Amino acid sequence: MAQLTVDLGGRPGVDCRGFCEYCYFRHVRDVAPLGCRYCPPFRVGCDYCSRGVKEQYRGFKPLSAVADDILASLQMLPDDITRVTISGGGDPSCYPEFVDLIELLGSMEAPLHIGYTSGKGFDDPSIADFLIDNGLTEVSYTIFSANPALRKRYMHDPTPEASLAVMRRLCEEIDVYAAAVVMPGVNDGADLEQTCAWLDEAGAKGLILMRFANTTEQGLILGNAPLIPGQPVESVEAFRERVTALNERYALKISGTPLWDPEIGSPFAILGEPDLLAKLPAVRASASVITGSVAAPSIRRVLDACGGGCEVVPVAKEIACLITLDDLRGLDLSDLEETVILPGRCFVHDRQASDLLSADGRIRTVLRGPDMLTADAETSMGMNKNEVLQMEMEGFSALIHCINQNGRRR
């Protein structure tokens, strides 16, 4: 069994009919490379953390280049294709050769999946039947609001009625996972209730609610905060309560990011499974585990259940994989063990982190932990509880092994 990913290229804000008001990539500045796990040991900056993180790619690839990429990938795959996923920095619905692309992929007779679309490129509702006829089986589709006027104002969708009509038709035949960034005072409250009811009636499989981010601490690491000056942001706790309440009232699955998936109990669903916690390795050494402010309490509870003795140190940044060197500057070095474990995907250069965290004269070994300890809502939406728990068992087992192998023996 093999999966094929088709990358169309494209640029945020350019190859999507313009930035949505809430887009993470609005106002991105020419910031210095952040540093990451892919950087060479003695140089800060690589393609990923200097260009890739900003999605500073060229425009859409021509169909001929996409076809060449597909052919090259097919020659490398050992098995029959079971799924084809369309992705890119731009919005696939805005791809100039979209119809020809779908016909080409449809001829492969494998289920098609559009990894993300806003639908802003769909001006004719008949495109929905064309997609269904050519094998589309799943799509992640940003709705923001079922109110066309709000889509037009905040998504800059030139034909919001057509975009919503396409979404409704797809809901009737395939798996549609909707997404909406929730902006207090804009598309929350009664409007969000109406959007949930619209999706429920249409037959959507799920809705991922995304908490609006407007500050560096909330994840805007590209020099682009605030996205919307003065726009309020909901607290993490209030957002979680909103997700829980909505999920109880509607048939479709509703989850949120950064918190949470009410049906599965993730992130960190393992905290509700004492039998699985008992199967994790025992913590036999001490180390400082640095993470984001949202995950820290849960990680601490898991490690304490496995023997404890490790200090889980939160930074101001809410999301662990978006931690940068600036977040580490705010730590009290006297609180850190000689072994410090960073999130595997954080945007920090290893040498810079080691120098900074050893600035008090106490040499510290800085390591990277697992890439993922749990599943956020965007990941868990297509998973069942056992799959999430398996991911958490693997992630925490790897973290504890890292602590035991490199930490201070107790």
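This section describes the domain arrangement, one helix pair and the unusual backbone geometry of a predicted model.

The protein is divided into two parts, domain 1 spanning residues 2–257 and domain 2 spanning residues 269–409. Taken over C-alpha atoms, the centres of domain 1 and domain 2 are separated by 29 Å. Contact between the domains involves 30 residues of domain 1 and 22 residues of domain 2. The area buried between domain 1 and domain 2 is about 2000 Å², and carbon and sulfur atoms account for 63% of this area.

An unreviewed UniProt entry lists residues 24–253 under "domain: Radical SAM core". Over residues 24–253, helix makes up 37% of the chain and strand 15%. The C-alpha atoms at the two ends of this stretch are 25 Å apart.

Helix 6 (residues 160–173) and helix 7 (residues 189–202) were examined as a pair. Their axes come within 8 Å and cross at roughly 45 degrees. Helix 6 is therefore oblique to helix 7, since angles from 65 to 115 degrees count as roughly perpendicular and those under 35 degrees as roughly parallel. On the helix 6 side, the contact is formed by Leu164, Met167, Arg168, Cys171 and Glu172. These residues meet Trp198, Leu199, Glu201 and Ala202 of helix 7. By class, the residues of the contact of helix 6 with helix 7 comprise six nonpolar and three charged residues, with no polar ones.

Two cis peptide bonds are described here, each preceding a proline. One joins alanine 225 to proline 226, with omega at about -5 degrees. Proline 226 is located in the loop that runs between strand 6 (206–211) and helix 8 (236–249). Another joins serine 266 to proline 267, where omega is about 5 degrees. The loop between strand 7 (253–257) and helix 9 (274–277) contains proline 267.

A further backbone feature concerns arginine 17, a residue other than glycine with a positive phi, near 65 degrees. Arginine 17 lies in the loop between strand 1 (2–7) and helix 1 (47–50).

Technical notes. Residues are numbered from 1 along each chain as its sequence is written. This is a predicted model: local features need pLDDT of at least 70, side-chain atom pairs count only at pLDDT 80 or more; totals for chains, interfaces and linings use all residues. Side-chain values use heavy atoms; hydrogens and water are left out. Axes are lines fitted to C-alpha atoms, for helices over the stretch in contact, and angles run from 0 to 180 degrees between N-to-C directions. Helices (H or I, at least four residues) and strands (E, at least two) are DSSP runs, numbered from the N terminus. Angles under 35 degrees count as roughly parallel, over 145 as roughly antiparallel, 65 to 115 as roughly perpendicular and the rest as oblique. Contact means heavy atoms within 4.5 Å. Ala, Val, Leu, Ile, Met, Phe, Trp, Tyr, Cys and Pro count as nonpolar, Asp, Glu, Lys and Arg as charged, and the others, Gly among them, as polar. UniProt positions are given in the numbering used here, feature names are shortened, and annotations may be inferred rather than shown by experiment. Domain bounds come from an automatic or database domain assignment. Buried area is the accessible area (1.4 Å probe) that two parts lose on being put together, summed over both.
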